[in-house]
Amino acid sequence: MIAQSGVKGTLRCGFTLVEMLVTLSLLVVLILVSMSWVTNISRRQDQDLHRSNWQRAAYMVLDQFERDLMQVDMLDEMRRLGNPRVKIEPDDITIRTIELGHLVSVKYRFDQARQQLMRQADSSHDTKTPLLGDVERFHVELLMPDEQHTLPELHLTIESLNGHRSSRVLTLTREAVQQ
């Protein structure tokens, strides 16, 4: 703005101090808003990445579980007889399957203290392999139908600490299951 000097009547060009302070204040507000916006976008992107990674890992665990179940069908008749191929207990589920060409029992267990889903094969000398972390709940439900011509279904659900959920439904044969 233009300011006039009262004594001589000369004109000076430039901004007043008040105009400069208002301009700088608006600039600071715009910078703070844009920084907040960038920070929120970055935080949201990190959350989405974590959720995506957890979901992908959970699907891989369910795929491994399904592979172990499907390997059961590759057992020849002599090795199929006897013990059930799938045994469901309150804390875990055990599957008789083939691993590296040998008949093994694989146990899936939820370790609540570590909040991890674990896999243990009897051929691995009691080594428990953590499959997935940040797990709040691992739920296995076996639905045995009343009708003879309908096959049992195994419902698997994995829930994360952040509320993410992955689930799968697998069909079994009646002779494969022991409750």
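These legends walk through several close-up views of one predicted protein model.

**Figure 1. The whole chain, to get your bearings.**
Welcome to the overview, where the protein shows two helices and eleven strands. Reading from the N terminus, the elements follow the order β-β-α-α-β-β-β-β-β-β-β-β-β. Of the 179 residues in the protein, 27% are buried. Contacts also reach along the chain: among those between residues at least 6 apart in sequence, 39% join residues at least 24 apart.

**Figure 2. The largest nonpolar core.**
Here you can look inside the protein at a core of 26 residues. Phe65, Ile93, Leu154 and Ile158 are the residues with the most contacts inside this core. At least two core residues come from each of helix 1, strand 3 (86-88), strand 4, strand 5, strand 6, strand 8 and strand 9 (153-160). Helix 1 is the biggest giver, supplying six residues. As background, nonpolar side chains in soluble globular proteins tend to be buried together.

**Figure 3. Ile93 and its neighbours.**
This view stays with one member of the core, Ile93. Setting aside residues within four places in sequence, Ile93 is in contact with Phe65, Val86, Lys87, Ile88, Val106, Lys107, Tyr108, Phe138, Val140 and Leu154. Ile93 also appears in the next view, as one of the residues that line the largest pocket.

**Figure 4. The largest pocket.**
Which residues line the largest pocket? They are Ile88, Glu89, Pro90, Asp91, Asp92, Ile93, Tyr108, Arg109, Phe110, Phe138, His139 and Val140. Strand 4 (92-99), strand 5 (102-111) and strand 8 (135-143) are the elements that each give two or more residues to this lining. The pocket has a volume of about 190 Å³. Sorted by class, its lining holds seven nonpolar, one polar and four charged residues.

**Figure 5. Asp63 and Arg168, a salt bridge between distant parts of the chain.**
In this pair, the closest N and O atoms are 2.7 Å apart. Asp63 sits in helix 1 (residues 17-71) and Arg168 in strand 10 (residues 165-171), with their positions 105 residues apart in sequence. Are the two partners buried or exposed? Asp63 counts as partly exposed because its relative accessibility is 31%, whereas Arg168 is buried, with a relative accessible area of 18%.

**Figure 6. Asp68 and Arg119, another link to helix 1.**
The side chains of Asp68 and Arg119 form a salt bridge with an N to O distance of 3.1 Å. Asp68 lies in helix 1 and Arg119 in strand 6 (residues 116-121), so this pair ties together parts that are 51 residues apart in sequence. Both Asp68 and Arg119 are buried.

**Figure 7. Further salt bridges.**
How many salt bridges does the count come to? The answer is eleven. One of them joins Asp111 and Arg114, whose closest N and O atoms are 3.8 Å apart. Asp111 is partly exposed at 21% relative accessibility, while Arg114 is exposed, with a relative accessible area of 54%. Elsewhere, Arg44, Asp48 and Arg51 are linked in a network of salt bridges.

**Figure 8. Thr157 in strand 9.**
The final view turns to Thr157, which belongs to strand 9. Thr157 counts as buried because its relative accessible area is 13%. Beyond its neighbours within four places in sequence, Thr157 is in contact with Arg137, Phe138, His139, Arg165, Ser166 and Ser167. Two of these, Phe138 and His139, may look familiar from the lining of the largest pocket.

Notes: Residues are numbered from 1 along each chain as its sequence is written. This is a predicted model: local features need pLDDT of at least 70, side-chain atom pairs count only at pLDDT 80 or more; totals for chains, interfaces and linings use all residues. Side-chain values use heavy atoms; hydrogens and water are left out. On a 1 Å grid over the protein atoms alone, a cavity is a set of points where a 1.4 Å probe fits but cannot get out, and a pocket is an open set with protein on both sides within 12 Å along at least five of seven lines; lining residues have an atom within 4 Å of a point. Grid points are joined across faces, edges and corners, and a volume is the space filled by probe spheres set on the points. Helices (H or I, at least four residues) and strands (E, at least two) are DSSP runs, numbered from the N terminus. Ala, Val, Leu, Ile, Met, Phe, Trp, Tyr, Cys and Pro count as nonpolar, Asp, Glu, Lys and Arg as charged, and the others, Gly among them, as polar. A salt bridge is a side-chain nitrogen of Lys or Arg within 4 Å of a carboxyl oxygen of Asp or Glu. Buried means under 20% relative accessible area, exposed over 50%, partly exposed in between (1.4 Å probe, protein chains only). A nonpolar core is a set of buried Ala, Val, Leu, Ile, Met, Phe, Trp, Tyr and Cys residues joined through side-chain atoms within 4.5 Å. Contact means heavy atoms within 4.5 Å.
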